[in-house]
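Dear colleague,

I am handing over the structure below, and I would be glad if you could look through it alongside the notes that follow. They begin with the protein as a whole and then turn to individual strands and sheets.

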Amino acid sequence: MRTMSTRLALSLVLLAASASVAAAQTPAVYSDMHWRAIGPTRAGRTRALAGVPSQPNVFYIGFDNGGVWRSTDYGSVWTPLFDDQPTSSIGAIAVSPSNPDIIYVGSGAGIIRPDLSMGDGMYKSTDAGATWTHLGLRDSQMIADVEVDPKNPDRLFVAALGHPYGPNEERGIFRSTDGGRTFEKVLYRDEYTSGNDVMIDPTNPQIVYATLWQQQQGFHEGGEFGGSGNGIFKSTDGGTTWKPLTQGLPSVIEANLAMAPSNHELIYAMVAGTPEASTGTGAGRDGGSTGIVGFYKSTDAGEHWTAVDVPAGPVGAATPHVDTRPLARIGGGDLPTLAVDPEDENVVYSTTVVLWRSDDGGVHWSAVRGAYGGDDYQKMWINPNNRNILLVVSDQGAVVSANRGESWSNWYTQPTAAMYHVTADNDFPYRLCGGQQDSGSACVKSRSDDGMITFHDWHPVNIQEYGIAAPDPRDPDMVYGSSRSDVSLYNRGTGQTTNVGPDMGPRGGEFNRDVRTMPILWSPLDPDLLFYT
């Protein structure tokens, strides 16, 4: 017993000495280290966007986990502007129409969903993104939208989502009249109800529209909750007082708005409402806890609404380019967002898993970009001075078109891939593996045989986008991957994948409380022991 105590004491002394030496060496060791990009080069999830009408070549985008970027050449090259700020999660960007050097940024991922990243409030730049100042609303954590008065760059509205996993009071619709130095809460329901959308009438900035959304995320997938009766609101005195717009609408859970630039009396709305209160054949698509989705329009500035009859049915063989799914939710349960052509009030776009366009006010729709099941488009901006210039952001980044969607820039110019986890294998050179948001999985070589690492050096390993890779410690070509319900095994030699268990039962079952990124890990002591939880 005395011998064991002596050995233990000696071990602790040696451990402490080793730690002391390591601590002394740390600054010198790390001073010679630097970061390098190893890919993948594909862009990551993007929710925020803004264009500059007077500068048609200039665009801004904001990533869930990649900061703010700018392009000055129609999307060919993107430059990061936000790397020195304490948050990289961006939910909204607004450029002042009257002074394009003034940019407002709302941080936080911009949409409440099971996988998200939080921010720390509002930022402002007065030199087109060269420098930034933090403004406030730090406890909002998630900001969905920012709208700037087209005639006054110091007057703005902010739709704050608030805490995604608990109640807080810094949520709802805020107004600033002094360039963001102070904010006033002007539309608020309770500590669980978020501000989701805000829109200023450019012909009369005293008219403001906004939407509220009651929601909270749960600690496991499908554990979120919310309520209806939130709705669409309108102010005619610059945001001081508000009235709900309800005529012809269901009991609203969530709503996104778009105004026709050529007719400010015409407003389109994508609405998630309770089934029992829905009216019209247009209100019926995706059900569940997030409500039935319907497409509505108002021709009298929101006083009365009509459900647009969107025909149901899959793509037909005779009409391969026409689908009727513009109401389908974006991946992750996000409600589609809308944009209206600046010249034709009947031309409206819907961002879902595909970018859709209707030429008849929302009755019939054609796919503009993407494949059904596909890219998860988040938002769209159309240059109000030129209908041919489009900016679209998705789970793979931003793309720009200068010919109304006939051709696009690419999203391999924004190295912002949202990787949920990273695992190293024992190959040489070693590979780093993980799941990428909406893009499956990737393993990237830590160095290339041909110089700089490019997209040729990374390859999928067939785990889910949220999965964690677990390469076999004895055979790095065998890659196990987690999903929300089972474990897969990918054989790099054959390119085949098989499920290896365990059987978790039906999702949502009594004992199946999963999350999007289910942990999987090899034991460091036993190479036959693989943990999955």
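**Overall picture and selected sheets**

The secondary structure of the protein consists of one helix and 38 strands, and please bear in mind throughout that this is a predicted model. Of the 533 residues in the protein, 54% are buried, while the exposed surface of the protein comes to about 23200 Å², with carbon and sulfur atoms supplying 53% of that area. Among the contacts in the protein with a separation of 6 or more, 51% are between residues 24 or more positions apart.

Strand β22, which covers residues 337-340, is a convenient place to begin with the local detail. In a regular strand the side chains alternate between the two faces of the sheet. In β22, Thr337 and Ala339 point one way and Leu338 and Val340 the other way, and all of these residues are buried. β22 pairs with strand β23 (residues 348-351) in the antiparallel sense, over four bridges, and within this pairing the bridge partner of Val340 is Val348 in β23.

Further along is an open sheet of three strands, which follow the order β26-β27-β28 with antiparallel pairing. Because β26 (377-382) and β28 (397-401) stand at the edges and each has a single partner strand, one side of each is left without a neighbour in the sheet. Neighbouring strands of this sheet are turned against each other by 15 degrees on average, if direction is ignored. β26 and strand β27 (residues 390-394) run antiparallel and are joined by five bridges, and here Tyr377 stands opposite Ser394 in β27.

There is also an open sheet of four strands, in the order β33-β34-β35-β36, and its pairing is antiparallel. Its edge strands are β33 (469-471) and β36 (496-501), each of which pairs on one side only, and the twist from one strand to the next averages 25 degrees. Within this sheet, strand β34 (residues 478-482) pairs with strand β35 (residues 487-491) in the antiparallel sense over five bridges, and Gly481 is found opposite Ser488 in β35.

With kind regards

Conventions: Residues numbered from 1 in each chain as written. Predicted model: local features only at pLDDT ≥ 70, side-chain atom pairs only at ≥ 80, totals over all residues. Heavy atoms only, no water. Buried < 20%, exposed > 50% of the residue type's maximum accessible area, 1.4 Å probe, protein only. Helix = DSSP H or I, 4+ residues; strand = E, 2+ residues; numbered from the N terminus. Pairing = 2+ DSSP bridges. Contact = heavy atoms within 4.5 Å. Areas by Shrake-Rupley, 256 points an atom, 1.4 Å probe, with all protein chains shown as cover. Axes fitted to C-alpha atoms, helices over the stretch in contact; angles between N-to-C directions.
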